[in-house]
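This report goes through a few features of the structure shown below. The parts covered are a loop, a pair of helices, a surface patch and a salt bridge.

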Amino acid sequence: MAQAAAVAKPPASPRRRRASATPRRLPYLLIAPAALLMLGFIAYPVLSVFYYSLQDYNPTKPWRNGFAGFDNFTRIFTEDPLFRDTLVFSAKWVFVEVGLQLMFGLALALIVNQTFVGRALGRALVFSPWAVSGVLTSAIWVLLYNSQTGITRYLADMGIGEYGVSWLSDTSTVFPAAIVADLWRGVPFFAILILADLQSVSRDLYEAAEVDGASRFKQFWHITLPHLKDAIILSTLLRAVWEFNNVDLLYTLTGGGPAGTTTTLPLYIANTSVDAHDFGYASALTTVAFVILLFCSMVYLRLSKFGGEK
């Protein structure tokens, strides 16, 4: 016991303990400036939206500004039919867009994953629309849908349809026209993510399946799809959130028309705040939209068992 006590190390000094703790804290100290900057840019707008949702705030009518409590939320659920209409259209827009983008994106990813001559060029062409900004995409499709110089004129020259028809001004064609325009931009997103995950599938699995006599469809159903499960869940969730918040394309193409038939909830919020200057009510709408997205995302991840066994 005496010998053990004699060779025991003396307790570390406070200065030595601080020196040993510094390497462990260094990564956190390095990312702290960026984290604080991001927190400021994210937390302040979010908190300000929550604050103004409880206010009557209209810069053009300052005499009416003040604390409103939950009046804005009561107005949303009891007095505003546009909220329900825009929410229903937003759900329809998200369901159709994400479903079609996933289907075509998966098909394109499977095609460009094969070995063929010119595959690099084919991949570049498939992915190029994703590099185009939303505003530029909208401008391109506005020109394509122009009744005088766009697609309808060339179709009329071939005897299909009539001259001067505007698909974006007709309530029966505006939704499919907007869907096609956004598909052109959104499909590459799914193709990129799914192709990246396809690269990690072991070829040994397919070779073993071929030896067992499995058809191409069975290989796709039992090998490819289970492997892509998490990539598909994550990409559909991200794209659903983005499509729900889509403003630039619909605003440029249709402005929410004709007769409000293509007005999504975010576009309604933008019109309420920017055009009507009713920032208090727009903030309340934004808060409700945030809660809806958060709830739907949690339910979707729960039901899809994201991160679980494939």
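## The loop between α11 and α12

Ala259 is found in the loop between α11 and α12. The model is a predicted one. Although Ala259 is not a glycine, its phi is positive, at about 55°. Pro258 also belongs to the loop that runs between α11 (248–253) and α12 (265–275). The peptide bond leading from Gly257 to Pro258 is cis, and its omega is near -5°.

| Loop feature | Value |
|---|---|
| Omega of the peptide bond from Gly257 to Pro258 | near -5° |
| Phi of Ala259 | about 55° |

## Helices α5 and α8

Two packed helices are described by the angle between their axes and by the distance between those axes. For helix α5 (residues 119–127) and helix α8 (residues 174–198), the angle is about 135° and the axes are 8 Å apart. Angles over 145 degrees would count as roughly antiparallel and those from 65 to 115 as roughly perpendicular, so α5 and α8 are oblique to each other. On the α5 side, the contact is made by Arg123, Val126 and Phe127, while α8 provides Pro188, Ala191, Ile192 and Leu195. Sorted by class, this contact of α5 with α8 has six nonpolar residues, one charged residue and no polar ones.

Helix α8 also holds a salt bridge between Arg185 and Asp182. The closest N and O atoms of Arg185 and Asp182 are 3.2 Å apart. These two residues are three residues apart in α8, about one turn of the helix. In total, the structure holds four salt bridges.

## A nonpolar surface patch

Which elements give two or more residues to the nonpolar patch? They are α2 (14–52) and α13 (279–304). The patch covers about 1100 Å² of surface, and its members are Leu37, Met38, Phe41, Ile42, Val46, Leu47, Phe50, Phe290, Val291, Leu294 and Met298. Helix α2 supplies the largest share of the patch, with seven residues. Phe50, one of the residues of the patch, lies in helix α2.

Notes. Residues are numbered from 1 along each chain as its sequence is written. This is a predicted model: local features need pLDDT of at least 70, side-chain atom pairs count only at pLDDT 80 or more; totals for chains, interfaces and linings use all residues. Side-chain values use heavy atoms; hydrogens and water are left out. Axes are lines fitted to C-alpha atoms, for helices over the stretch in contact, and angles run from 0 to 180 degrees between N-to-C directions. Helices (H or I, at least four residues) and strands (E, at least two) are DSSP runs, numbered from the N terminus. Angles under 35 degrees count as roughly parallel, over 145 as roughly antiparallel, 65 to 115 as roughly perpendicular and the rest as oblique. Contact means heavy atoms within 4.5 Å. Ala, Val, Leu, Ile, Met, Phe, Trp, Tyr, Cys and Pro count as nonpolar, Asp, Glu, Lys and Arg as charged, and the others, Gly among them, as polar. Patches are made of residues with over 30% relative accessible area and no salt bridge: like charges are joined within 9 Å, nonpolar side chains (Val, Leu, Ile, Met, Phe, Trp, Tyr) within 5 Å. Accessible areas come from the Shrake-Rupley method with a 1.4 Å probe; for residues, only the protein chains shown count as cover. A salt bridge is a side-chain nitrogen of Lys or Arg within 4 Å of a carboxyl oxygen of Asp or Glu.
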